[in-house]
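Biologist: I should like to learn how the descriptive terms for this model are justified. May I ask for the reasoning behind each of them?

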Amino acid sequence: MTHVLADMIETDFRSEPMKPAPESLRSLYDSESESKRKQVTRHGLWIAVAAYLLYSLTDVLFLRDVAAQTVAGRFAVGIVSLCLLELTLRLRASANLVDVLAATAVLSGYVVWLLTGWNTAETASFSYYMVFGAIFMMSLNLFFSFRFPVALAASTTTMAIFLGSLYAYMPMDLIYKLILGAFCISCFVFTSYVNLQLNRERFKVFLNALEARLQQNASEERGKALLRLSNTDPLTGLENRRAVDQRLRTRWQDWQENGVMFAVLLVDVDFFKRYNDCYGHQEGDRCLTTVAKGLYDAISHYDAAIGRYGGEEFIVIARVEDQKEVADLAETICRSVREMALPHGQRRDGISIVTVSVGASLTRGQSVKLEKIIHEADRALYTAKANGRNGVKLFDPDDPQSSDESEHIAAILKIALEQKLVSLVYQPIRGVQSGTIEAAEALMRLKMLDGAPVSPAVFIPIAERTGAIIELGRWAIRTVCVDLLAKDLVQVVSVNVSPIQLKMPGFAASVALILAETGVSGGRLAFEITEGVEMEMNSDILRCISDLKKMGVQIWLDDFGTGFAGLSWLRLIDFDTVKIDRSFLHDCDQKRGRTMMQDIISLLRNRTRTILVEGVETGDQQALMEEYKIDHLQGYHVGRPVPVEQFTAEPKKVEAVAGRKSSARR
Ligand code: C2E
Ligand code: MG
Ligand code: MG
């Protein structure tokens, strides 16, 4: 529509001046100027009537004998005209009708004055006075803003009346009549011409204004479209990160200035990489679009906005009153995606549909930085994932994992190697048959700057979250090779590795380099993968494990029985050793526990070469495990983790078997 109008205007500007404008432009002009025209005519008529009535004075001065009639006539015409004018306006008559009414009023004023003054005895005055007919004509053509046809019709009639009365009025000389007639005709021609020009000018001004308006609208539209584009995620149509950041800043300001609370919820599609790997990127995109739409609908009942924050991560920013409302929103989000039931058959966690994990954080008294609330939501999301995904987690400042302490540890981890705050201790592993220390497990230790130790259960998850584990893990492998293996202090050393390390491209190559540099053969190094850690056995990890195995590196399964994936991992990977979690051993003081342990052992016997039991703390436990034909034992009873200087692979004196026999547990 805009383009069509702009083209019409352009064509009209270029066409012949006398050529009529297209009908649509004309009618637009009429409709747009309608109310203004009525106003102008109304004002004009009120002023004209006032002037007309004022001229009563000249009647009294020059036409004294008929002044009573002319003045009465003036008032009658004036009052009737104004009444009719106001009435038509009230009845919402068209501007054309109002104009015709005003033109008729002017004509009537002229005619009534002529008729009431016609019989005056002041013939000379009256004949001079007739020159005022021209004034009526001027007013019709110039004073009002009548459209040309109305003005022309009215002024032609005025001219006709003027000329007619001029010739009908006897007392005047012919020459006087001729001159006055010529004056009247000239007046008619000039004023009509000026009216025509004025009307054209008005139309041109309208066209110019319309063109400017169209251009302005077009550029505003273009601006808006550009803004929309720069704020929209092309795949999902949601707001993109840029728009989200802006929204966050606005919310933050509102919180700082007016205390209006808000929550940030990070929503991450679970196992999305697997989804992409399995179904292909196109399907992956479709999945994200569908989830985005579902999330958008899910939050529609809240005062919230959603955007795509990156990859498979969405962000919801919501105005909320309290934690309960945040929890409710987070649950709604999680449930809505579950209810979509989009198939995802490659998860390996027993669920076969697409789900999301949600981490949320709410503004609190001490929130001093916008980044902090995002960071908190991110940490909550991490915990939600670590808790098994498909769930929500609200940031809890009292949670030790979320405390400032963990921030502190994250900072320490960055400088740990350089400041020698990290070290390794070695725990011996005894071969049951040989009775000697055949291996050792390397365990990482961290101390704070003041020397206070930090438990691996605390710092390892932080190192994994921050990525520090990559560097620390590489350092651990090298240290093990240099400190123990290269010096032949023990035959095999196992090092715990995180899934993050295994996923890292080039991990196997870096191990190969360390082995080559230190001259250690691959078979003397073992990597422990913890079954308790919920780990996606994706193709990257499997490839890495296969590369490591090709170098001879042993792969051990740690903490067997604590996670849900153990059995499926046993199918996928040929583990050199499986370490049964110490909790099973500790349950062996009851019959049920012992049966369980025996079941686990017989299950593993067919699948793996070596079985190791962790957490052997007493002679009784050791004796029992020996009886169960376990291959390797590890635990405080065998030896506590010690620094390399104290580590000795000398066979610890094998405990007397007496304890075994006397044990009442069997
Ligand atoms: P894990 O690999 O299962 O290591 C065994 C843990 O059990 C060690 O705790 C060890 O000190 C403890 N332990 C050994 N014998 C006994 C016993 O007889 N009784 C009891 N109650 N505990 C015993 P630690 O050193 O605190 O390590 C905890 C976990 O931290 C490890 O469990 C491992 O998952 C992780 N970790 C330790 N070092 C590293 C590392 O270098 N890299 C990675 N990725 N993880 C590590
Ligand atoms: Mg271990
Ligand atoms: Mg273990």
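Biologist: Why is Asn496 called partly exposed?

Modeller: The model is a predicted one. Asn496 has a relative accessible area of 28%. Partly exposed covers the values between the buried limit of 20% and the exposed limit of 50%, so Asn496 is partly exposed.

Biologist: Why is Glu528 called buried?

Modeller: The relative accessible area of Glu528 is 0%. Buried means under 20%, and therefore Glu528 is buried.

Biologist: What makes Asn496 and Glu528 donors of the magnesium ion (ligand 2)?

Modeller: The protein donors of this ion are Glu441 (OE), Asn496 (OD1), Glu528 (OE) and Asp558 (OD), which lie 2.0 to 2.2 Å from it. A donor must be an N, O or S atom within 2.8 Å of the metal, and the distances of 2.0 to 2.2 Å meet that limit. In sequence these donor residues follow the spacing E-x54-N-x31-E-x29-D. Distant parts of the chain are linked here: Asn496 belongs to strand S9 (residues 492–497) and Glu528 to strand S10 (residues 525–530), 32 residues apart.

Biologist: Which residues coordinate the magnesium ion (ligand 3), and how do you know that they are donors?

Modeller: Asp558 (OD), Asp559 (OD) and Glu614 (OE) coordinate the magnesium ion (ligand 3) at 1.9 to 2.4 Å. The cut-off is 2.8 Å, so these three residues count as donors. Their spacing along the chain is D-D-x54-E.

Biologist: What makes Asp558 a bridge?

Modeller: Asp558 appears among the donors of the magnesium ion (ligand 2) and also among those of the magnesium ion (ligand 3). The two ions, 3.8 Å apart, are therefore bridged by Asp558.

Biologist: Why are Asp558 and Glu614 said to tie together separate parts of the sequence?

Modeller: Asp558 is in strand S11 (residues 554–560), whereas Glu614 is in the loop between strand S13 (610–613) and helix H24 (619–627); the pair therefore ties together parts that are 56 residues apart in sequence. Both residues are buried.

Biologist: How do you know that the protein chain is not a compact globule?

Modeller: A compact globule of 666 residues would have a radius of gyration near 26 Å, but the protein chain has 49 Å. Along its principal axes the C-alpha trace spans about 160 × 45 × 45 Å. The chain has 25 helices and 15 strands, and buried residues make up 47% of its 666 residues.

Biologist: Why is Gly109 called buried, and what does it touch?

Modeller: Gly109 has a relative accessible area of 2%. The buried limit is under 20%, so Gly109 is buried. Gly109 lies in helix H5, where Tyr52, Val77 and Phe136 touch it, leaving aside residues up to four places away in sequence. From Gly109 to Gly523 the C-alpha distance is 121 Å, with their positions 414 residues apart in sequence.

Biologist: What makes Thr355 buried?

Modeller: The relative accessible area of Thr355 is 0%, and with the limit at under 20% the residue is therefore buried. Thr355 is placed in the loop between helix H13 (323–340) and strand S4 (356–362). Among the residues that Thr355 touches are Asp268, Val337 and Asn390.

Biologist: Why is Arg92 called exposed?

Modeller: Arg92 has a relative accessible area of 72%. Exposed means over 50%, so Arg92 is exposed. Arg92 occurs in the loop between helix H4 (67–90) and helix H5 (95–117). Although Arg92 is not a glycine, its phi is positive, at about 55 degrees.

Biologist: Why is Lys420 called exposed?

Modeller: With a relative accessible area of 65% against a limit of over 50%, Lys420 is therefore exposed. Lys420 is in the loop between helix H15 (404–415) and strand S6 (422–431).

Biologist: How do you know that the charge of Arg389 sits over the ring of Phe271?

Modeller: The charged end of Arg389 is 4.2 Å from the centre of the Phe271 ring. The distance limit is 6 Å, and the charge must also be within 35 degrees of the ring normal. Arg389 is listed as sitting over the ring. Arg640 likewise lies over the face of Tyr636, at 3.8 Å from the ring centre.

Key
Residues are numbered from 1 along each chain as its sequence is written. Chains are lettered from A and ligands numbered from 1 in the order in which they are written. This is a predicted model: local features need pLDDT of at least 70, side-chain atom pairs count only at pLDDT 80 or more; totals for chains, interfaces and linings use all residues. Side-chain values use heavy atoms; hydrogens and water are left out. Donors are N, O and S atoms within 2.8 Å of the metal (3.2 Å for Na, K and Ca); water is not among the atoms, so sites may look incomplete. Helices (H or I, at least four residues) and strands (E, at least two) are DSSP runs, numbered from the N terminus. Buried means under 20% relative accessible area, exposed over 50%, partly exposed in between (1.4 Å probe, protein chains only). The radius of gyration is taken over C-alpha atoms; the globule rule is 2.2 Å times the number of residues to the power 0.38. Contact means heavy atoms within 4.5 Å.
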